[in-house]
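Work through the exercises below with the structure open beside you. Try each task before you read its solution.

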Amino acid sequence: MEIWRLPISASQRGKLISAGYTSLSSLSSISSSDLARELKVSESEAMNILKVASHSRGSETSNASCSIVEGAQSAWDMLHDEESLMHITTSSADLDNILGGGIHCKEVTEIGWSSLSLIVNSVLKYKLTTAFGSESIIFMLIGGVPGIGKTQLGIQVAVNVQIPNDFGGLGGKAIYIACIEDMSEYNRFLRKDFQECKIKMLPQDILENIFYFRICSYTEQIALINYLDKFLSEHKDVKVIVVDSVTFHFRQDFDDMALRTRVLSGMALKLMNLAKRFSLAVVLLNQVTTKHTEASFQLALALASAAYSVTARGIRNSSSSCKRIKMM
Amino acid sequence: MTPQSLLQLTSQKCTTGCPILDRLLNGGIPCNSITEIVAESGSGKTQICLQLSLHAQLPVSHGGLAASSLYLHTEFPFPFRRLHQLCLSFRSSNAHHFPVNDNPCDRIFVQSVHTADHLLEIMSKTDPFIENSKNQVPVRLIVIDSIAALFRSDFDNTPVELKRRSSLFFKISSKLKALAKRFNLAVLVTNQVVDLVGPNEGINGLRIGNLVCLHTSGRRVCPALGLAWANCVNSRLFLSRNEEVIREENEKSNGQSCDFVKKKMRKLYVVFAPHLPESSCEFEITREGLFGVER
């Protein structure tokens with residue numbers, strides 16, 4: 001949706017375009033006083049423009065949903081949606097490149113994770129192009145051998161999602177579900193990360209914006225996922241859910257394999273539903289196991305053949321002195 | 001369910017008794033997590049375990065946990081004499097913390113374990129045991145020496161048995177983690193090593209943690225029990241020992257001469273830990289215990 005389609009006066013349109021606002025999305029995150037200052041118009045005029053812009057955005061979406069079947073999207077809209085994804089950076093430029101800009105929403109992605117050494121705490125690479133103000137949600141499943149840095153990545157994501165909008169971030173909160181270990185030692189890392197990025201946020205605020213749950217059994221895990229529905233409707237600003245070792249509790253003695261598969265797929269579906277409804281990203285950290293196929297042993301993501309409808313997978317290979325990531 | 005506040009999470013550590021090792025481990029063995037010590041036989045795993053069970057009794061202000069410990073041993077016999085020896089030197093260096101007739105050995109509870117199923121049984125009995133101990137000196141440290149001995153002989157090399165073995169790993173470790181969380185315990189587990197034979201590719205070349213491969217006594221080794229167990233522990237430390245030939249200069253009356261002396265070089269590596277960077281330090285084992293060496 002372009003600015004030239006907005007029902008505003010020609011002079012206002014000209015001012016908007018010369019100031020650099022060429023699409024509706026660029027107007028989505030600006031306040032009226034800032035806009036008034038940029039365009040050198042009165043505040044009431046700026047507020048008018050913003051109102052008109054949001055109104056057209058609203059009507060655009062309603063137009064889009066007037067399709068044959070309730071809830072169906074035209075392919076064009078879907079293409080637009082995909083191109084306009086909000087990303088959460090991983091603080092590593094190369095990793096962001098692999099992921100196409102960062103962790104974005106609306107998919108189940110399984111990543112094999114590699115280069116810890118690439119995490120650069122300086123430049124935040126962000127692609128903030130949203131049309132219609134809609135955010136896409138992504139599901140990411142990260143697998144790797146122990147000690148390679150999956151939890152570090154999870155924490156990085158939980159912290160990076162809080163980067164405020166002005167710096168190109170999502171400015172949201174995070175839910176961190178820890179299944180294998182306590183996060184007590186990580187407090188130090190959380191504090192360090194942001195200081196280097198020179199963002200004016202107090203470490204206490206960062207920690208307060210992460211909702212931390214610790215669970216000790218698979219029943220607790222399922223109960224928590226069910227509870228998240230209610231929790232997310234109360235806390236609308238949560239933008240990412242990180243589950244540390246989603247399969248840990250399921251690798252114990254489950255006598256009934258079919259039950260395990262059912263429970264796992266149910267959980268994955270619920271998470272996807274949550275992701276779609278509340279427009280958030282879901283990052284699942286997984287373990288690897290050796291797959292015994294015809295007398296050879298290979299690395300495979302734990303419980304990966306069961307359940308998940310994963311759109312991108314990766315196996316982590318750490319041989320010699322470098323750690324590598326592979327998207328599958 | 002309510003989320004916990006991250007600001008309030010603190011982790012207590014149990015000192016190892018040596019300031020150099022404590023510095024390497026950033027305070028000592030952390031509570032509420034499982035730390036694994038991997039080494040070949042004779043490297044000092046049991047020494048560290050005994051030392052920790054003694055130092056856990058120190059008051060919190062001195063780095064201990066003011067607690068008694070539960071020592072589950074699987075390899076016979078339990079080194080009572082060495083424990084007694086360490087106890088005497090511990091007492092003499094920390095006399096001001098304990099009353100005169102006190103014996104620190106009284107606060108180490110020893111239990112022998114025969115099989116993996118026996119261990120599971122014991123785990124279920126441990127809950128009420130720790131609960132009861134809160135009245136006197138609470139149990140805050142559990143040592144399992146060694147976990148590998150339970151699994152290495154009982155299972156065949158068929159997929160079915162291996163699967164059963166892995167599921168036992170997860171059961172045991174999740175019970176340990178639940179205990180650790182409930183009572184804020186530190187859990188220390190020791191593991192053995194297996195030799196790596198063959199080229200460094202595929203599964204053999206799999207690198208877990210900081211070190212490309214682990215070397216001890218001139219051989220390439222990897223921790224026993226495989227990838228499944230590696231996923232169950234939170235941190236892993238590796239003790240290596242090597243015989244080094246060192247030139248020692250001796251001054252004699254007819255000028256200097258060199259002797260070649262074989263010395264045992266022992267090192268402690270951090271293989272992986274969520275809170276520690278890649279680091280290592282040298283240590284030695286003396287009559288008084290295990291101490292780091294600063295060079």
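The exercises that follow concern a predicted model.

**Exercise 1. Chain A overall**

Task: State how many helices and strands chain A has, and what percentage of its residues are buried.

Solution: Begin with the elements. Chain A holds 11 helices and 11 strands. Next, take burial. Of the 328 residues in chain A, 52% are buried. Then turn to contacts with a separation of 6 or more. In chain A, 72% of these join residues 24 or more positions apart.

**Exercise 2. A helix in chain A**

Task: Find how many residues of helix α7 of chain A are buried.

Solution: Helix α7(A) covers residues 150-160. Buried residues number 10 of its 11, so the helix is mostly covered. Among them are A:L153, A:I155, A:V157 and A:V159. The buried set also includes A:K150, A:Q156 and A:N160.

**Exercise 3. Cysteines and disulfides**

Task: Decide how many disulfides the structure has, and explain why B:C87 is in none.

Solution: A search over all chains finds zero disulfides. Take B:C87. Its nearest cysteine sulfur belongs to B:C105 and is 3.4 Å away. A disulfide needs two cysteine sulfur atoms within 2.5 Å, so B:C87 is in none. B:C87 is buried, because its relative accessibility is 3%.

Now take B:C281. The nearest cysteine sulfur is that of B:C18, 7.0 Å away, and B:C281 is in no disulfide. At 10% relative accessibility, B:C281 is buried.

**Exercise 4. Two helices packed in chain B**

Task: Work out how α4(B) and α6(B) are oriented to each other.

Solution: Locate the helices. In chain B, α4 is residues 116-133 and α6 is residues 159-183. They pack at an angle of about 10°, and their axes are 10 Å apart. Angles under 35 degrees count as roughly parallel. The two helices are therefore roughly parallel to each other.

Look at the contact next. From α4(B) it includes B:L119, B:L120, B:M123 and B:I130. From α6(B) it includes B:L168, B:I172, B:L176 and B:L179. By class, the contact has 10 nonpolar, one polar and six charged residues.

Finally, check the span of α6(B). At 1.5 Å a residue, its 25 residues should span 36 Å. The end C-alpha atoms are 36 Å apart, which agrees. B:N184 follows α6(B) and has a positive phi, near 55°.

**Exercise 5. A cysteine in a strand**

Task: Place B:C222 in its strand, and list what B:C222 touches beyond four places in sequence.

Solution: B:C222 lies in β10(B), residues 219-223. Its relative accessibility is 24%, so B:C222 counts as partly exposed. Leaving out residues up to four places away, B:C222 touches B:V193, B:V194, B:L196 and B:L214. B:D195 is 27 residues away along the chain, yet its C-alpha atom is 6.3 Å from that of B:C222.

**Exercise 6. Backbone in the loops of chain B**

Task: Identify the residues joined by a cis peptide bond at B:P77 and at B:S146, then examine phi at B:N26 and B:A66.

Solution: B:F76 and B:P77 are joined by a cis peptide bond, with omega about -10°. B:P77 sits in the loop between β4 and α3. B:D145 and B:S146 are also joined by a cis peptide bond, with omega about -10°. The loop between β6 and α5 holds B:S146.

Now phi. B:N26 is not a glycine, yet its phi is positive, about 60°. This residue, B:N26, lies between α1 and β2. For B:A66, phi is near 50°, also a positive value. B:A66 is in the loop between α2 and β4. B:N26 is partly exposed, at 33% relative accessible area. B:A66 is partly exposed, at 33%.

Note on methods. Residues are numbered from 1 along each chain as its sequence is written. Chains are lettered from A and ligands numbered from 1 in the order in which they are written. This is a predicted model: local features need pLDDT of at least 70, side-chain atom pairs count only at pLDDT 80 or more; totals for chains, interfaces and linings use all residues. Side-chain values use heavy atoms; hydrogens and water are left out. Buried means under 20% relative accessible area, exposed over 50%, partly exposed in between (1.4 Å probe, protein chains only). Axes are lines fitted to C-alpha atoms, for helices over the stretch in contact, and angles run from 0 to 180 degrees between N-to-C directions. Helices (H or I, at least four residues) and strands (E, at least two) are DSSP runs, numbered from the N terminus. Angles under 35 degrees count as roughly parallel, over 145 as roughly antiparallel, 65 to 115 as roughly perpendicular and the rest as oblique. Contact means heavy atoms within 4.5 Å. Ala, Val, Leu, Ile, Met, Phe, Trp, Tyr, Cys and Pro count as nonpolar, Asp, Glu, Lys and Arg as charged, and the others, Gly among them, as polar. The expected span of a helix is 1.5 Å times one less than its number of residues.
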